[in-house]
Amino acid sequence: MNPVPFTTLAAAMDFVVGDRNYPLSELFMKGGFIMWPLLLLSIAGVVVLVMCCFSTRASAVLPTKLVEQAESFIRKRDYTGLSILCKNGDSCYARVMLTVANFMLRNPSAQFEEVREIASAEGGRQAGFLSRQISWLSDIGAVAPMLGLLGTVVGMVQSFYDMSMAGNSIDIGLLSRGIYTAMITTVAGLIVGIIGQLVYNFLVARVDKIVFRMEHYLS
C-alpha cells in the first residue's frame, strides 16, 4: 500500500470556509502565543486519555482468571496462597485481595463484617485512584476555554490599542488583526474544552461501571 503524501494529509486538515482554505498551521500561528498552551493541553489530554484507557481495561481492574483463582483460595480459607497469588497480580482486584489476605493472616479470628470493611476501604482507595486520573481531563476541559477567553481579551486589547495609535486614520486591517486572533483562540479553546469534557464524561461512566462490578465481587 502506497503511503499517503504528507501534503495530502496537511490539505485534509485545512479549515475550509466557503471556497477558501485556511491551513491549520497558518491559523495556529495567527492565533498568537495562547495557542501554545492550548496545544500543550491537547497533548496532555491525549496522554491522560491513553493512560486512563490503559488503567481501566478489564485486565488492569478485574482479570477474570485472577477472580476465579482468588475465590477458590477464599473458599479453602487458604489466605497464604491468596497472598502469594495477589502479590504477583497487578490489578485493582489483586491489590484489594492482597490487603484482605494480609489482614486475615494477622487476624485469623476476624469477623466477616471486619473483613468486609477492610475490602471496602481498599476498594474505595483503588476507585479513588482511577477517579483522580480521569479528573485531569475535567481540569483540561475547564482550563482550555479559559485560555481561549484570555486569548480573546488579548486580541481585543490589541485591537483597541491599534485603534488608539492610529488616531483618525484607522486601518481596517489593523483592527481586524486583533479580532482575528481573538476568534481563533476562542474556537481552539472551546474545541479542546468540549472534547476534554466529552472524554471525561465517557471515562466517568466507564469507571462507575468498573467500580460497580468490583463492589459486586467484593460483597
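**Reasons behind the labels**

Reader: Why is Arg95 called partly exposed?

Author: Arg95 has a relative accessible area of 29%. Partly exposed covers the range between under 20%, which is buried, and over 50%, which is exposed. The 29% of Arg95 falls in between, so the label is partly exposed. Keep in mind that this is a predicted model.

Reader: What makes the contact of Asp90 with Arg95 a salt bridge?

Author: The closest N and O atoms of Asp90 and Arg95 are 3.1 Å apart. The cut-off is within 4 Å, for a side-chain nitrogen of Lys or Arg and a carboxyl oxygen of Asp or Glu. The pair meets it, so it counts as a salt bridge.

Reader: Is Asp90 buried or exposed, and how do you know?

Author: Asp90 has 64% relative accessibility. Exposed means over 50%, so Asp90 counts as exposed.

Reader: How many salt bridges does a search of the whole structure find?

Author: The search finds 2. One of them joins Glu122 and Arg125.

Reader: How do you know that Glu122 and Arg125 form a salt bridge?

Author: Their closest N and O atoms lie 3.0 Å apart. The limit is within 4 Å, so the pair qualifies. Both residues sit in helix H8. They are 3 residues apart, about one turn of the helix.

Reader: Why is Glu122 called buried?

Author: Its relative accessibility is 10%. Buried means under 20%, so Glu122 passes the test. Arg125 gets another label: at 51%, it is over the 50% mark and therefore exposed.

Reader: What makes the nonpolar surface patch?

Author: The patch covers about 1100 Å². Its residues include Phe33, Trp36, Leu40, Met51, Trp136 and Val154. Helix H3 (35-55) and helix H8 (112-166) each give two or more residues to the patch. H3 gives the most, with 6 residues.

Reader: How do you know that Trp136 is open enough for the patch?

Author: Trp136, in helix H8, has 41% relative accessibility. A patch residue needs over 30%, so Trp136 is admitted. The value is not over 50%, so Trp136 still counts as partly exposed.

Reader: What can be said of the second largest pocket?

Author: Its volume is about 460 Å³. The lining has 19 residues. Ile74, Tyr79, Val100, Phe112 and Val115 lie nearest the centre of the pocket. Helix H5 (64-76), helix H7 (92-106), H8 and helix H9 (172-218) each supply at least two lining residues.

Reader: How do the residues of that lining divide?

Author: The lining has 13 nonpolar, 2 polar and 4 charged residues.

Reader: Why is Val204 called partly exposed?

Author: Val204, in helix H9, has a relative accessible area of 24%. That is not under 20% and not over 50%, so the middle label applies. Val204 and Ile134 are 70 residues apart in sequence. In space they are 7.2 Å apart, C-alpha to C-alpha.

Reader: What makes Arg77 worth a look?

Author: Arg77 is not a glycine, although it has a positive phi of about 60 degrees. It is found in the loop between H5 and helix H6 (79-87). At 62% relative accessible area, Arg77 is over the 50% line and so exposed.

Reader: How many helices and strands does the protein have?

Author: The protein has 9 helices and 2 strands. From the N terminus on, the elements run α-β-β-α-α-α-α-α-α-α-α. Of its 219 residues, 35% are buried.

Note on methods. Residues numbered from 1 in each chain as written. Predicted model: local features only at pLDDT ≥ 70, side-chain atom pairs only at ≥ 80, totals over all residues. Heavy atoms only, no water. Patch = residues over 30% accessible without salt bridge, like charges linked within 9 Å, V, L, I, M, F, W, Y side chains within 5 Å. Areas by Shrake-Rupley, 256 points an atom, 1.4 Å probe, with all protein chains shown as cover. Helix = DSSP H or I, 4+ residues; strand = E, 2+ residues; numbered from the N terminus. Buried < 20%, exposed > 50% of the residue type's maximum accessible area, 1.4 Å probe, protein only. 1 Å grid on protein atoms, 1.4 Å probe; cavity = no way out; pocket = protein on both sides within 12 Å on 5 of 7 lines; lining within 4 Å. Points joined across faces, edges and corners; volume = space filled by probe spheres on them. Nonpolar A, V, L, I, M, F, W, Y, C, P; charged D, E, K, R; others polar.
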